[in-house]
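Please find below a note on the model, set out as numbered points. The metal sites are taken up at the start, followed by the ligand, the cores and the local backbone.

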Amino acid sequence: MRIHVLGSAAGGGYPQWNCNCPMCDGLRRGRISARARTQSSIVVSGNGTDWVLFNASPDILAQIRAFPELQPARALRDTAIRSIVLMDGQVDHTTGLLMLREGRVPLEIWCTAMVREDMTTGNPLFTILGHFCGVDHHEIAIPSAGAFTPRGADGLEFTAVPLTSKAAPYSPHRDNPHPGDNIGMRIRDTRTGATAFYAPGLGAIEPHVADELARADCVMVDGTFWTDDEMVTLGISTKRARDIGHLPQSGAGGMIDVLRALPAKRKVLIHINNTNPILDEDSPQRAELARHGIEVAFDGMDIAL
Ligand code: MLT
Ligand code: MN
Ligand code: ZN
């Protein structure tokens, strides 16, 4: 399988349009060594020709331009994106769907019943798309009803994993969490047997999540914040990382503690918030990740498994 990172930043991207935190301002002024990043999304392929899009970020048009394999130009109107999987209903993971409205056939979208509810109520993108290309919705059952293979995932099997995180602010059940608000995905290559576990929003490591992490050859997980109080300390927000469903990297029980113990060959952080000091390639925080063999995803990162 191939995993290609279209966007590695959390909501807002990096640098964020209105932000002058040390990371955003540092990048603009050339004071730090860092790369700009678009919002969280990956594509996955089993056969190298057809791709499944995981999440549709507001930056999707630029992301498609930056990865020509998604436009094979076999017909007047064409795409290599055969289906779309949504991990949650958040703005940074769904609003790019509107940019795909010129599709020649209904968008083949896999998501949970909870995310579908959000996409037809609080953030009614499916309803809006009904006036354009339409949506061919496929439900991802929670608890998992077994592995599934969306169109364009030849040679791959996906298994959804429910996660404790948080529904989007506009969700009818924002403060009443339901299984299926957020999921992770096990992606297994049936030929090589290799598995990846993808979870860009991960708030807690429940036992079933620890099992998934332990069996994966590649983990690509929530890299949003370095500390729980990162945005509070900067004076940007009153929200703590854990309040909004993101496990911070540092500290006891943080993501570094979780990842360092895993046998996985690749340990990759994705969905990096623009405030996170790991964006600075010369920072002590980045050096600490490197010491533990933990990589920081960047736009264009390509992983073959
Ligand atoms: C999140 O991951 O917590 C959300 O996407 C934040 C946002 O984009 O507003
Ligand atoms: Mn997000
Ligand atoms: Zn910033």
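1. Which residues coordinate the zinc ion (ligand 3)? The donors are Cys19 (SG), Cys21 (SG), Cys24 (SG) and Asn274 (OD1), at 2.2 to 2.3 Å. Donors here are N, O and S atoms within 2.8 Å of the metal (3.2 Å for Na, K and Ca); water is not among the atoms, so sites may look incomplete. In sequence the spacing of these donor residues is C-x1-C-x2-C-x249-N.

2. On conventions: this is a predicted model, in which local features need pLDDT of at least 70 and side-chain atom pairs count only at pLDDT 80 or more, while totals for chains, interfaces and linings use all residues. Residues are numbered from 1 along each chain as its sequence is written, chains are lettered from A and ligands numbered from 1 in the order in which they are written, and side-chain values use heavy atoms, with hydrogens and water left out.

3. The geometry at the zinc ion (ligand 3) is tetrahedral, with angles of 98 to 124° among the 4 donor atoms; for four donors that label requires all angles to lie between 85 and 135 degrees. Ideal angles for four tetrahedral donors are 109.5 degrees. Both Cys21 and Cys24 are buried, a term that means under 20% relative accessible area (exposed is over 50%, partly exposed in between; 1.4 Å probe, protein chains only).

4. The manganese ion (ligand 2) is coordinated by Asp92 (OD) and His271 (NE2), at 2.1 to 2.2 Å. These two residues are 179 apart and link distant parts of the chain: Asp92 belongs to helix α3 (residues 91–94), and His271 to the loop between β11 (266–270) and α9 (284–291). Helices (H or I, at least four residues) and strands (E, at least two) are DSSP runs, numbered from the N terminus. Asp92 counts as buried because its relative accessibility is 9%, and His271 is likewise buried, at 5%.

5. Ligand 1 is surrounded by Gly11, Gln90, Asp92, His246 and His271, where the criterion is a heavy atom within 4 Å. Polar side-chain atoms of Asp92 and of His246 each lie 2.8 Å from an oxygen atom of the ligand, and one of His271 lies 3.2 Å from an oxygen atom of ligand 1. The protein buries 65% of the 260 Å² that ligand 1 exposes when taken alone.

6. The largest nonpolar core has 34 residues, and those with the most contacts inside it are Tyr14, Phe197, Val219, Val221 and Leu269. Helix α8 gives the most to this core, with 4 residues. A second, separate core of 30 residues includes Ile187, Ala194, Tyr198 and Met220. A nonpolar core is a set of buried Ala, Val, Leu, Ile, Met, Phe, Trp, Tyr and Cys residues joined through side-chain atoms within 4.5 Å.

7. Some backbone details merit inspection. Most residues other than glycine have a negative phi, and most peptide bonds are trans. The peptide bond from Tyr14 to Pro15 is cis, with omega near -5°, and the one from Ile142 to Pro143 is cis, also with omega near -5°. Asn55, although not a glycine, has a positive phi of about 70°; Asn55 is buried, with a relative accessible area of 0%. Ala73 has a positive phi of about 55° and is exposed, at 58%.

Conventions. Tetrahedral: all angles 85-135°; square planar, octahedral: opposite > 155°, others 65-115°. Polar contact = N/O pair within 3.5 Å; in protein donor to acceptor, adjacent residues only side chain to side chain. Areas by Shrake-Rupley, 256 points an atom, 1.4 Å probe, with all protein chains shown as cover.
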